[in-house]
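This report describes a single protein chain for a reader working with its coordinates. Please examine the sequence and structure shown here before reading on.

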Amino acid sequence: MLKELKDFDCCTILKPISAKITSNGKDYIASFLEANISASGDSIDQSVDNLKDIIQLILRLSETEELLGSSLKGQLKILQKFLKLKNPDGEKYGTHLSNRW
């Protein structure tokens, strides 16, 4: 089953994103195959929400890209083809993360 991801809190959708939904009999797994990102949950909706959270976290790390490993950098580049960060407050996303290292 495919489910289109919509309504990202921090992002504008540039291209539609579809998640492949599977079940292992106990949990549901939502996967964005193009970027090799997956998340699980007790329900389809929970797995999709968890996937959206992971995607948004990776995008927020874009301002600390120099600190990311090659796998996350690759996922970030793919995500940036599908989503663009919104920044209504004029603050830089990720600054609190870069201050921690």
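## Salt bridge

In this predicted model, Asp45 and Lys3 form a salt bridge in which the closest N and O atoms lie 3.2 Å apart. The structure holds one such bridge. The pair links distant parts of the chain, with Asp45 in helix H1 (residues 44–60) and Lys3 in strand S1 (residues 2–5), 42 residues apart.

Both partners are partly exposed: the relative accessible area of Asp45 is 48%, and that of Lys3 is 29%. Asp45 is not classed as exposed, because its 48% does not exceed the 50% that the class requires.

## Sheet

Four strands make up an open sheet, arranged in the order S1-S3-S4-S5 with antiparallel pairing. Its edge strands are S1 and strand S5 (37–41), each of which pairs on one side only. From one strand to the next, the twist averages 30°.

The antiparallel pairing of S4 with S5 extends over five bridges. Ser31 has Ser38, in S5, as its bridge partner. Helix H1 packs on this sheet and touches S1, strand S3 (17–23), S4 and S5. The direction of H1 makes about 140° with that of S5.

## Helix packing

Two packed helices are described by the angle between their axes and the distance between the axes. For H1 and H2, the axes come within 9 Å and cross at roughly 100°. H1 is therefore roughly perpendicular to H2, since the crossing angle falls in the range of 65 to 115 degrees. On the H1 side, Ile55, Ile58 and Leu59 take part, and they meet Leu72, Gln75, Leu76, Leu79 and Gln80 in H2.

Gln75 belongs to helix H2 (residues 70–82). Is this residue, Gln75, buried or exposed? Gln75 is buried, because its relative accessible area of 13% is under the 20% limit. Apart from neighbours within four places in sequence, Gln75 is in contact with Ala35, Asn36, Ile37 and Ile58. Among these partners of Gln75, Ile58 is one of the H1 residues that meet H2.

## Loop after S1

Asp7 is located in the loop between S1 and strand S2 (11–13). This residue, Asp7, counts as exposed, with a relative accessibility of 65%. The classification of Asp7 follows because 65% is over the 50% threshold.

Which residues does Asp7 contact when its neighbours within four places in sequence are left aside? They are Ile13 and Lys52. Asp7 and Lys52 are 45 residues apart along the chain, and their C-alpha atoms are separated by 9.1 Å.

## Confidence

The average pLDDT of the protein is 85, and 85% of the residues score at least 70. Confidence is highest in strand S4 (residues 28–32), with a mean of 98, and lowest in helix H3 (residues 95–98), with a mean of 40.

Over residues 92–101 the pLDDT is below 50. Beyond near neighbours in sequence, the stretch 92–101 has 15 contacts in the model.

Note on methods. Residues are numbered from 1 along each chain as its sequence is written. This is a predicted model: local features need pLDDT of at least 70, side-chain atom pairs count only at pLDDT 80 or more; totals for chains, interfaces and linings use all residues. Side-chain values use heavy atoms; hydrogens and water are left out. A salt bridge is a side-chain nitrogen of Lys or Arg within 4 Å of a carboxyl oxygen of Asp or Glu. Helices (H or I, at least four residues) and strands (E, at least two) are DSSP runs, numbered from the N terminus. Buried means under 20% relative accessible area, exposed over 50%, partly exposed in between (1.4 Å probe, protein chains only). Contact means heavy atoms within 4.5 Å. pLDDT is the predictor's confidence in each residue, from 0 to 100. Two strands pair if DSSP finds at least two bridges between them. Axes are lines fitted to C-alpha atoms, for helices over the stretch in contact, and angles run from 0 to 180 degrees between N-to-C directions. Angles under 35 degrees count as roughly parallel, over 145 as roughly antiparallel, 65 to 115 as roughly perpendicular and the rest as oblique.
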